Amino acid sequence: MKKTNSIDCFKCRFFYVTWDANNPRGCKAFGFKTRRLPSDVVFEASGEPCMKFSPKPDNPSSGNSSRGGWIA
């Protein structure tokens, strides 16, 4: 089987860092924690790239003043 996993979990809205030293990375979409990148675990288990990947929303502090609020 050819491994071609190009999903970057760090750019996914479901990725999170846990307090568990043995399993420091987690996936909220699939509900598990792991030592490796969750997308690698999903690929290894299913043979398919992660289908739950969803890009993180834009950073609100990136200067987008159309969201309201005030500027000091």
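In the predicted model, Glu44 is exposed, with a relative accessible area of 59%, and the side chain of this residue takes part in a salt bridge with Arg36, in which the closest N and O atoms are 3.2 Å apart. Arg36 itself is partly exposed, its relative accessible area being 35%. This pair belongs to a total of two salt bridges. The other is formed by Lys33 and Asp20, whose closest N and O atoms are 3.6 Å apart. Because Lys33 lies in strand β3 (residues 32-34) whereas Asp20 lies in the loop between β1 (15-17) and β2 (25-27), this salt bridge ties together parts that are 13 residues apart in sequence. Both partners are partly exposed, with relative accessible areas of 42% for Lys33 and 25% for Asp20.

These elements belong to a chain that contains one helix and three strands, arranged along the sequence in the pattern β-β-β-α. Of the 72 residues of the chain, 21% count as buried. The chain exposes about 5,700 Å², of which carbon and sulfur atoms supply 53%. Among contacts in the chain with a separation of 6 or more, 37% are accounted for by residues 24 or more positions apart.

Two aromatic pairs are present in the structure. In one of them, the rings of Phe30 and Phe32 have their centres 6.5 Å apart and their planes at 40 degrees, so that the pair is classed as tilted, the range for this class lying between the limits of 30 degrees for stacked and 60 degrees for edge-to-face rings. Phe30 counts as partly exposed at 37% relative accessibility, and Phe32 is likewise partly exposed, with a relative accessible area of 22%. The ring of Phe30 is further involved in an arrangement with Lys52, whose charged end sits over this ring at 5.7 Å from its centre.

With regard to the cysteines, a search of the whole structure finds zero disulfides. Cys12 is in no disulfide, and the nearest cysteine sulfur, that of Cys50, is 6.3 Å away. Cys27 is also in no disulfide; here too the nearest cysteine sulfur is that of Cys50, at 5.8 Å. Because a disulfide requires a pair of cysteine sulfur atoms within 2.5 Å, neither the separation of 6.3 Å found for Cys12 nor that of 5.8 Å found for Cys27 meets the criterion. Cys12 is buried, with a relative accessible area of 8%, and Cys27 likewise counts as buried at 8% relative accessibility.

Methods: Residues numbered from 1 in each chain as written. Predicted model: local features only at pLDDT ≥ 70, side-chain atom pairs only at ≥ 80, totals over all residues. Heavy atoms only, no water. Phe/Tyr/Trp six-rings, centres within 6.5 Å; stacked < 30°, edge-to-face > 60°. Buried < 20%, exposed > 50% of the residue type's maximum accessible area, 1.4 Å probe, protein only. Lys NZ or Arg CZ within 6 Å of the ring centre and 35° of its normal. Helix = DSSP H or I, 4+ residues; strand = E, 2+ residues; numbered from the N terminus. Contact = heavy atoms within 4.5 Å. Areas by Shrake-Rupley, 256 points an atom, 1.4 Å probe, with all protein chains shown as cover. Salt bridge = Lys/Arg side-chain N within 4 Å of Asp/Glu carboxyl O.
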